[in-house]
Amino acid sequence: MGRQRGVTGTGRGDLTRRGFVLGGLAAGALVAAPGPAQAGERPPGSALTDGAASPDIVDCAGWGARPNSAIVPIWNQRPVKILVHHTASANVADMSRGAADRVARAIQNFHMDSRGWLDTGQHFTISRGGFVLEGRHRSLEVLRIGQRQVEGAHCTGQNVVAVGIENEGTYIDQDPPGALWDSLRTTCAYICSQYGIAPTELYGHRDFKNTICPGDRLYGMLPRLRSEVAEVLGRRVEEADTQKASWPLLRVGDVGDTVLAAQYLLRDAGVRTNVDGRYTPVTVAAVTEFQQATRAEEPNGILGGESWPVLARTMDRATESGSDAARAVEILADGRSSEAVPDTVDRPVWQDLLGTSGAPTDASVDPAGPPQ
């Protein structure tokens, strides 16, 4: 299959905001991309499953994107999930189209100039005013075909298997504006329709990394988003399926049995720390040490979706009685008044004990090697 250069924008890019943070986005490999869709593939706009109308999406040229600095990688496979992010920037009052364009340019400038990436990291961006913009070049073109995936740089390990959507703002203790939410729902429904993604396969950045992104409030709204996307697609989803198994996010200031269990698990892993149920700087240092030892992408002391699966190892209560890991199980079981805990404590059991169980998550990760 022939190779071709990625589509470029207008070369403008008149706004640079240094320090524009995007929830710990991570780059993918820079590899050559195959050419455009071949004859016989689905025409733009046709859907694999239930039809959903496309929202108005401003392409890269429309918001004045700079040219990508290298070929945009395109994989000959469809993504299987959607990842929701927030930009961790100010919750501005300007809801105009001009503000949306400026945000898109600021993100691209930050990613290319500060991160050194070939282009914007995420596939799509939604402004606080509800404007939907293409992020990385060719993302819109490829989405409309519905057969392939542009490799993004929004979450290491998920850049090929997941479409990344950045939502302008910080949603730790505030809900997103109605216009943004409506566009997020419509955009997710269209992506699901084009790629045949189940409406339940919508996740937050924190499900896969040690990050607060997409914020406590927006993350807590994901079950609602799954349900509403299903409605747009004309599908019925059981409430239990809108609740996905996850891991708690622990950070400075947290207290309680979950913190205490994590401290025992840290000690079980050979890390010295207090075991007092308080997430203090001492615990942050211990978590950071553990993350460094386990080669976490960003050792930051936040205990989230990347480090929990490693920390909460599978253990056998029958043979490990009295261990720190067994003590962690006892603390969580006592706190939840759980029924009998199985002798083998694996990932689903840990999540049940932690109070974050639910429908299974899609554990797909990016393929190795160049695009096919």
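A residue is called buried here when its relative accessible area is under 20%. Keep that cut-off in mind for the views below, which come from a predicted model.

**View 1. Cys-192, a buried cysteine without a disulfide partner.**
Cys-192 has 0% relative accessibility, so this residue counts as buried. Look for the closest cysteine sulfur and you will arrive at Cys-188, 6.4 Å away. That gap is too far for a bond, because a disulfide needs the two sulfur atoms within 2.5 Å. A search of the whole structure finds 0 disulfides.

**View 2. Thr-211 and Cys-213, linked by a side-chain to backbone contact.**
Start at Thr-211, in the loop between β8 (202–204) and α5 (216–220). The side chain of Thr-211 comes to 3.1 Å from the backbone nitrogen of Cys-213. Thr-211 is buried, at 11% relative accessibility, and Cys-213 is buried too, at 1%. How far is the sulfur of Cys-213 from the closest cysteine sulfur? The distance is 8.9 Å, to Cys-155, which is too far for a bond.

**View 3. Tyr-203 and Phe-208, an edge-to-face pair.**
The structure holds 2 aromatic pairs, and here is one of them: the ring centres of Tyr-203 and Phe-208 lie 5.7 Å apart. Their planes meet at 70°, so the pair is edge-to-face, the label used for angles over 60 degrees. Both rings belong to buried residues: Tyr-203 has a relative accessible area of 0%, and Phe-208 has a relative accessibility of 17%.

**View 4. Trp-247 and Trp-308, a stacked pair.**
In this aromatic pair, the planes of Trp-247 and Trp-308 are 10° apart, with 5.9 Å from centre to centre. Trp-247 sits in the loop between α7 (239–242) and α8 (257–268), while Trp-308 belongs to helix α10 (residues 308–311). The pair therefore ties together parts that are 61 residues apart in sequence. Trp-247 and Trp-308 are both buried.

**View 5. Two arginines, each over a tyrosine ring.**
Tyr-203, the buried tyrosine of View 3, has the charged end of Arg-226 over its ring, 5.9 Å from the centre. Turn next to Tyr-219: which arginine lies over the face of Tyr-219? Here the residue is Arg-206, at 4.8 Å from the ring centre.

Definitions and conventions
Residues numbered from 1 in each chain as written. Predicted model: local features only at pLDDT ≥ 70, side-chain atom pairs only at ≥ 80, totals over all residues. Heavy atoms only, no water. Helix = DSSP H or I, 4+ residues; strand = E, 2+ residues; numbered from the N terminus. Buried < 20%, exposed > 50% of the residue type's maximum accessible area, 1.4 Å probe, protein only. Polar contact = N/O pair within 3.5 Å; in protein donor to acceptor, adjacent residues only side chain to side chain. Phe/Tyr/Trp six-rings, centres within 6.5 Å; stacked < 30°, edge-to-face > 60°. Lys NZ or Arg CZ within 6 Å of the ring centre and 35° of its normal.
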